[in-house]
Amino acid sequence: MIKDYVIVTIGVIIVALGLSFFLVPADLAVGGITGLAMVINNIFPQIAIGPMLVVMNILLFIIGFILIGKQFGIKTIYASFALSGIIWVIEAFFHIEKPLVDDMFLNLFYGILIQGIGMAIIFYQNASTGGTDIIAKILNKFFYIEIGKALLLADFMITFLAGITFGLKLGLYALLGVLMNTFIIDSVIEGLNLKINISIITSSPDEIKKFINEELKRGATLYYAEGAYTNENRTVISTVMNKKEFIRLKKFIKENDKNAFVIVSNVREVLGNGFRLSI
């Protein structure tokens with residue numbers, strides 16, 4: 001659990017950097033409750049962004065607790081308050097009043113790139129930063145929509161309002177930012193989920209099987225096959241593991257069975273015992 005919260009905190013810090021140094025100073029309301037708060041604050045300056053975020057997030061926290069679960073809710077509350085606190089610290093120390101660069105596209109590109117990586121890390125730990133992230137997680141859980149695309153659906157209307165409030169140019173930039181965010185989040189999560197599927201054709205299966213079971217703590221399935229050219233009996237070992245484990249397995253096979261035939265492919269998602277998700 002400590003490891004989970006450390007990783008969530010790293011993700012939150014990354015998100016805060018993207019928001020504080022690039023997106024917020026450039027008035028790029030690229031979706032989210034923060035974007036909605038920026039729009040409302042622009043129309044009604046007397047309504048502060050902070051209190052608005054608190055009220056809207058509390059409502060969405062309750063929905064998240066009910067529909068997604070306690071662990072998600074607790075982590076989301078932590079991530080949301082941590083994000084607010086880190087942004088407050090950044091603003092207090094750096095006094096950011098204008099974007100780092102005058103180029104709107106550069107602010108959008110780097111802001112979304114940094115924020116998207118941080119959000120993907122947070123989502124991967126079954127948490128969110130609150131706001132429309134909770135809506136996206138609900139869509140992901142119940143309708144099996146990839147989290148980035150679910151966030152696009154949740155943020156589209158806010159982006160439309162940003163275009164009306166801050167002008168067509170900023171609105172189009174914000175829409176581009178939401179689309180970029182979708183791609184970055186889904187790509188990063190896919191990379192974090194990536195596993196290696198390995199098929200090993202060998203005449204010495206016992207040593208390899210033992211190494212997989214005892215050293216890598218992974219399961220394997222054995223098939224028995226016959227070579228079409230040699231007509232010799234061979235064992236096919238099929239297993240799935242992460243990249244670090246595969247590097248160790250490859251080294252072991254090279255040292256113990258140089259004649260083994262190994263087929264390797266990337267797997268986007270694995271469901272079942274021994275992996276992050278279960279059926």
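**Exercise 1. Work out in which order the four strands of the open sheet lie, and which strands stand at the edges.**

Solution. Start with the order: in this predicted model, the open sheet runs β2-β3-β1-β4, with antiparallel pairing. Next, look at the two ends of that order. β2 (221-226) and β4 (261-267) each have a single partner strand, so one side of each is left without a neighbour in the sheet. Finally, check the twist, which averages 20 degrees from one strand to the next.

**Exercise 2. Trace how β3 is joined to β1 and to β2.**

Solution. Begin with β1 (residues 195-202): seven bridges join this strand to β3 (residues 233-241), and the two run antiparallel. For a landmark on screen, pick Asn197, whose bridge partner in β3 is Val240.

Now turn to β2, which pairs with β3 over six bridges, again in the antiparallel sense. Here a handy landmark is Glu226, with Asn233 of β3 as its bridge partner. Between β2 and β3 lie six residues, and the two strands form a hairpin. In its turn, Asn231 has a positive phi of about 60 degrees.

**Exercise 3. Find which strands helix α10 touches as it packs on the sheet.**

Solution. Locate α10 at residues 243-256, then look for its contacts: the helix touches β1, β3 and β4. Compare directions as a last step; that of α10 makes about 15 degrees with that of β1.

**Exercise 4. Place Phe275 and list what this residue touches.**

Solution. First, find Phe275 in the segment after β4. Then list its contacts, skipping residues up to four places away in sequence: Lys195, Arg218, Val240, Met241 and Val270. Take Met241 as an example: it lies 34 residues from Phe275 along the chain, yet their C-alpha atoms are separated by 8.8 Å.

**Exercise 5. Identify which residues of the largest nonpolar core touch the most other members, and which helix gives the most to this core.**

Solution. Among the 37 residues of this core, Val12, Leu83, Ile185 and Ile189 touch the most other members. Helices that each supply at least two residues include α1 (2-23), α4 (70-94) and α8 (168-193). The top contributor is α1, with eight residues.

To see one member up close, take Leu83. Leaving aside neighbours within four places in sequence, Leu83 is in contact with Val12, Val15, Ala16, Leu19 and Thr129. One more step remains: a second, separate core has 14 residues, among them Ile196, Ile208, Leu216 and Ala260. As background, nonpolar side chains tend to be buried together in soluble globular proteins.

Notes:
Residues are numbered from 1 along each chain as its sequence is written. This is a predicted model: local features need pLDDT of at least 70, side-chain atom pairs count only at pLDDT 80 or more; totals for chains, interfaces and linings use all residues. Side-chain values use heavy atoms; hydrogens and water are left out. Two strands pair if DSSP finds at least two bridges between them. Axes are lines fitted to C-alpha atoms, for helices over the stretch in contact, and angles run from 0 to 180 degrees between N-to-C directions. Contact means heavy atoms within 4.5 Å. A nonpolar core is a set of buried Ala, Val, Leu, Ile, Met, Phe, Trp, Tyr and Cys residues joined through side-chain atoms within 4.5 Å. Buried means under 20% relative accessible area, exposed over 50%, partly exposed in between (1.4 Å probe, protein chains only).
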